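Thanks for asking me to take a look at this one. Here are my notes, in numbered points, to read with the structure open beside you.

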2 protein chains.
Amino acid sequence: VARQHQAALEQRLAHFHPADIAFVLESLPPDARAMAWSLVKPERRGAVLLEASDAVRRSIALGMSPDEIAAVVRTLDSDDIADLVSSLPEDLRHAVVERLDRTDQDEVRSVLSFPPGTVGAIMDMDFIAVREDTTLEAVQRLLRRRKTLPAHTNQLFVVDRSNTLKGLLPLSRLLLEEPETSVGEVMIRQPVYFYTDDEVRDAVDAFEKYDLISAPVVNLHQQVVGRITVDAVVDEINARAQSESLRQVGLSEEDEDLFAPIARSARRRWPWLVLNLLTAFFASRVIGAFEDIIAELVALATLMPIVASIGGNTGNQSVALVIRGLALNQLGPSQLRQILLRELQINAINGALWGAVLGLVTLAIYHHLPLAAVIAAALLLNMLVAALVGVLTPVALHRFGRDPAMGSSIILTATTDSMGFFIFLGLAAAFLV
Amino acid sequence: VARQHQAALEQRLAHFHPADIAFVLESLPPDARAMAWSLVKPERRGAVLLEASDAVRRSIALGMSPDEIAAVVRTLDSDDIADLVSSLPEDLRHAVVERLDRTDQDEVRSVLSFPPGTVGAIMDMDFIAVREDTTLEAVQRLLRRRKTLPAHTNQLFVVDRSNTLKGLLPLSRLLLEEPETSVGEVMIRQPVYFYTDDEVRDAVDAFEKYDLISAPVVNLHQQVVGRITVDAVVDEINARAQSESLRQVGLSEEDEDLFAPIARSARRRWPWLVLNLLTAFFASRVIGAFEDIIAELVALATLMPIVASIGGNTGNQSVALVIRGLALNQLGPSQLRQILLRELQINAINGALWGAVLGLVTLAIYHHLPLAAVIAAALLLNMLVAALVGVLTPVALHRFGRDPAMGSSIILTATTDSMGFFIFLGLAAAFLV
C-alpha cells in the first residue's frame, strides 16, 4: 500500500509547479520530506530547491554529497546556483562549486564575490544586448535564431563595442516601430540602471517607484554585466517584510523550521531571553531601591505597572512611525525634528488627559489625593520619556548602521519600564512620605 | 526672490518623475505643499496624485472643487481614476465621477463596485485581446496600427468570439516564432487567471509563486474583463507590510501625516490608549488582591515585573511565528498542533533553565530560599502560559476573520501580565506566608 501511495505521489508531483512542490516539502516532517524529495524528478530538483525556504534547502542539501548537489544545480542559471549554494555551509559550498563546469564556476564565483545586500549579489547574468546601428528587423531575426528569451525580458540592452550601456530597447518598441528603423532611433536614452555595488534596498525602492520589470546592472566602467528583474525584487520585498516581523522579537527564519531538534531551537532563543532578563532585572533593581516606601504604602506596588506599561505601548507607536519613515527614506533632519516635536506634543496632551483620568480612578479606589496626583504626573512624564526614546532610539540605531527593527523595541521597553518605576516611585518618595 | 525661487522650482518639477514629485509633496508642510502643487503642470497632476499617499491625496483633493479634480483625473486610465477617487469622501467621489465622460464613468463605477480587497477592485481594463486563428504576422500588424501597448504588457490575451479566455500569447513568442504561425499554435493553453471576486491576497501569492508579470481577470462566464499587473501587486505587498507594522501598535496610515492638526492626531490614539489602560488596570487589580502579602514581603513587588515581562517577550515570539505561518498559509491543523507543542516544549526547557538562574540570583540577593523557589516556578509557569496564549490567540483571531497582526499582541500582553502577577503572587501567598 505504501508503494502504491508513493507511485501516486510521484505522478502527482510531476504535474506540480516547482513552487508547489517546495511548499509540500516545507510542510512535511524530515522523514517524509526526504521520501518526497526522492520522488521529485532529478531534472526538476534544482528548480524546486530554488523555491524552497533557506531552512528546508539546507536540510535537504545536508543529506546529499557535493556530487549530488552539483548534479542537481547544474540545470540552473549561474545566478540561481549562486543563490542556492550561498545558503550552504562554506566548505560544502566550495566543494559544490568546484564540481561545476568552468564557465558556471566563474560566473557563480563572481556572483558570490558581491557582498550580500548589494545588487551584484542578486543580479542575473542572462540578458540580451544589441547595437545601436542595427535595424529592428535584424534584431528580430537575431531573436528568432536564439529561439528563447531569458525570463522576464521586457527590453533588450543597447551597448556599444566595448559593452558600455547606451540605452534600452523595450520589446514593445521592437514590435510597434517599423522594421527598417534602427535601434538607436527608438531606444530609451536615459535608462534607469544600477551599479553592482548599489544597495538592493535602493534598487527595490526604484523598482517600486518607477514600476520597473527589469533593469540593467553595470560595473564601474558602465559596462553591462547583468540585470535585475521584478521577480527578484518581489522576493526581496517579501523576505524583508517577513524577516522584519521575526527580527522584532529576536527570531530569524531558521526558527520557523518546525522540524529542527527542540533542544537546538530552545538554545537559539537564549540571547534574546537573557537580554530580556537583564533589562527586566534592571527595572526590578530600580523598584528594589524604593522597597522602604513601598512597605509604607503598598498601593504603590499595585499601581506602578500601569505607568510602565502605558509608557511601553505609546513609545512603541513612535518607534513604528519612525522605522517606517526610515524605511521609506522620508526622514531628513527637519522631518525628524518635526516628528519628535509631534510625538512629544501628542503624548503631552494624551498624558495630561488620561493621567488625570487615571488619577481620578486612583482617588476613587484609594481615597488618597496625593497618590492620585503622583500617578497622574508619573503617567504624563513617562509618556514624554516614551516619545523621546521612541523617536530617538531607531534613529540612533539607524545612524550607527544597526537594524532599527531589531533593537528599538527592547531598548524602548527597558527605558519606559525602568523610568516608569523610577518616576512614579521617586515622586512618591518625594511627596508622599 | 520668492518668485525667482518659485520659477526655479517649477522648472525643476517639470523634469521630475511623478513619483518624485509626490515624494516632494509628502515631505512639505500644508502651505508649501499647496504652493508646490500649483506649480505642477496640469497634465501631470493626475499621475502625481496617483503616486502620492492616501493622506496627501486627500489633503490636496480637499482643496479643489469637483470640477478641478475631474479635470485632473481625466488624463488617467479608468482603473487609476477609480483608485484615486476611492480615497475621497463619498459625496465628493460621486460629484467627481459625474463630471467624467460617459465611458469613463461606466468603467470607474464598475471598478468601484468591486469590494475592496478583491481582484476586481485593483484590476486595470487596458489589455489587448486577439483571436486564436490569427497569424502572428497579422497580430504584429495590428499592434503597429495601435502605436502603443498598455504598460506592463508582456502577453496578449487570446479570446473567442464571445470574449471567453482561451489562452495567452507572450510577446516573446510573438517575436520568436515564425510570422505565418497562427496564435492558437503557439499560445499558452492553461494560463493562470483570476476571477474578479478572488481575494487580492491570493492573487499576490500567485504572482510571487509563479513569478508573473501580468494575468487576465475574468468574470463568472470566463470572459476577460481586465488584467492585473505586477506593479499593482508590488504596491499591494508593500502596503500590506507597511500597514502591518503600524497596525501592530494601533496606528494606521493616517497617523503618518506629519502635518495633520496635533489635537486630531492625539485623539486618533485614544482607543488604543484606553484599551491599554484597561488591560494595565486589570493587571493592577490582580496585584491589588495581594496587597496584604506584599506588605509582609516587599521583595515580591520588586520581583513581580520580571515574571510578567519575560512572559510577554516570549509570548510575542510565538505570536510572530504563528502570524507568519498564517500569512504564508502554512498552518493546517497538524502544523498547528506541532507548533503549539514545540513552543510549549521550548518554553518548558527555557523556563526551567532560566527560572533556575533567576531563582539563584534571587537567593543571592534576598537569602530567602522559598522566595527563590517561587520565582523560579512562576517564571516557568508564565512562560508556558505565554506559549499557549501566544499560539492560540492569533489562530483564534484568524478563525473569526479578525486581523491577527492587530489584536494578538495586546491580548497576549494583557494575559501574560495578569497571569504573571497572579501566578507569582498566588504561589507566594500559598507557600511563603
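The points below go from the pairing of the chains down to single residues.

1. **A predicted model.** Please keep in mind throughout that this is a predicted model. Local features are discussed where pLDDT is at least 70, and side-chain atom pairs count only at pLDDT 80 or more.

2. **How the two chains are related.** Chain A superposes on chain B through a rotation of 180°, with 0.0 Å of shift along the axis and an RMSD of 0.2 Å. That is the relation of a two-fold axis. The interface agrees with this picture in its own way: 100% of the interface residues of chain A are also interface residues in chain B, so the copies meet through the same surface.

3. **Domains.** For chain A, the domain assignment gives domain 1 (2–113), domain 2 (129–241) and domain 3 (269–431). Between domain 2 and domain 3 of chain A, the C-alpha centres lie 51 Å apart.

4. **Helix H17 and the partner chain.** Two residues of H17 in chain A are good places to zoom in on the contact with chain B. A:Asn276 lies in this helix and is buried, with a relative accessible area of 2%. Leaving out residues up to four places away in sequence, A:Asn276 touches A:Ile410 in its own chain, and B:Ile310 and B:Asn313 across in chain B. A:Ser284 also has its place in helix H17 of chain A, and its relative accessible area is 0%, so A:Ser284 is buried as well. With the same sequence neighbours left out, A:Ser284 touches B:Thr302, B:Leu303 and B:Ile306.

5. **Charges over rings, across the chains.** Which ring does the charged end of A:Lys209 sit over? The ring is that of B:Phe23, with the charged end 5.3 Å from its centre. The reciprocal arrangement is there too: the charged end of B:Lys209 sits over the ring of A:Phe23, 5.4 Å from the ring centre. If you set up the electrostatics, both of these are easy to find by name.

6. **Helix H2.** In chain A, helix H2 (residues 18–26) is mostly covered, with seven of its nine residues buried. The buried residues are A:Pro18, A:Ala19, A:Asp20, A:Ile21, A:Ala22, A:Leu25 and A:Glu26. Note that the acidic A:Asp20 and A:Glu26 are among them.

7. **Aromatic pairs.** Over all chains, the structure holds 10 aromatic pairs. One of them, A:Phe194 with A:Phe207, is stacked, at 6.1 Å centre to centre and 20° between the planes. A:Phe194 belongs to strand E4 (residues 194–195) and A:Phe207 to helix H14 (residues 200–210) of chain A, so this pair ties together parts that are 13 residues apart in sequence. Both rings belong to buried residues: the relative accessible area is 6% for A:Phe194 and 3% for A:Phe207. Another pair, A:Phe290 with A:Phe422, is edge-to-face, with 6.2 Å between the centres and 65° between the planes. Here A:Phe290 lies in the loop between helix H17 (270–288) and helix H18 (291–296), while A:Phe422 lies in helix H22 (residues 404–431) of chain A, so the pair ties together parts that are 132 residues apart in sequence. A:Phe290 counts as buried at 13% relative accessibility, whereas A:Phe422 is partly exposed at 45%.

8. **Helix H21.** This helix of chain A (residues 369–399) has 31 residues and reaches 45 Å from its first C-alpha to its last, close to the 45 Å expected at 1.5 Å a residue. After H21 of chain A comes A:Gly401, whose phi is positive, near 75°.

9. **Positive phi outside glycine.** Most residues other than glycine have a negative phi. Where do the exceptions in chain B sit? One of them, B:Asp211, has a positive phi near 50° and lies in the loop between helix H14 (200–210) and strand E5 (214–218). B:Asp211 is partly exposed, with a relative accessible area of 26%. B:His367 also has a positive phi, of about 50°, and is found in the loop between helix H20 (333–366) and helix H21 (369–399) of chain B. B:His367 is exposed, at 66% relative accessible area.

Note on methods:
Residues are numbered from 1 along each chain as its sequence is written. Chains are lettered from A and ligands numbered from 1 in the order in which they are written. Side-chain values use heavy atoms; hydrogens and water are left out. Copies are superposed by least squares on the C-alpha atoms of residues with pLDDT of at least 70 in both. Contact means heavy atoms within 4.5 Å. Buried means under 20% relative accessible area, exposed over 50%, partly exposed in between (1.4 Å probe, protein chains only). Helices (H or I, at least four residues) and strands (E, at least two) are DSSP runs, numbered from the N terminus. Rings of Phe, Tyr and Trp (its six-membered ring) pair if their centres lie within 6.5 Å; planes under 30 degrees apart count as stacked, over 60 as edge-to-face and the rest as tilted. A charge sits over a ring if NZ of Lys or CZ of Arg is within 6 Å of the ring centre and within 35 degrees of the ring normal. Domain bounds come from an automatic or database domain assignment. The expected span of a helix is 1.5 Å times one less than its number of residues.
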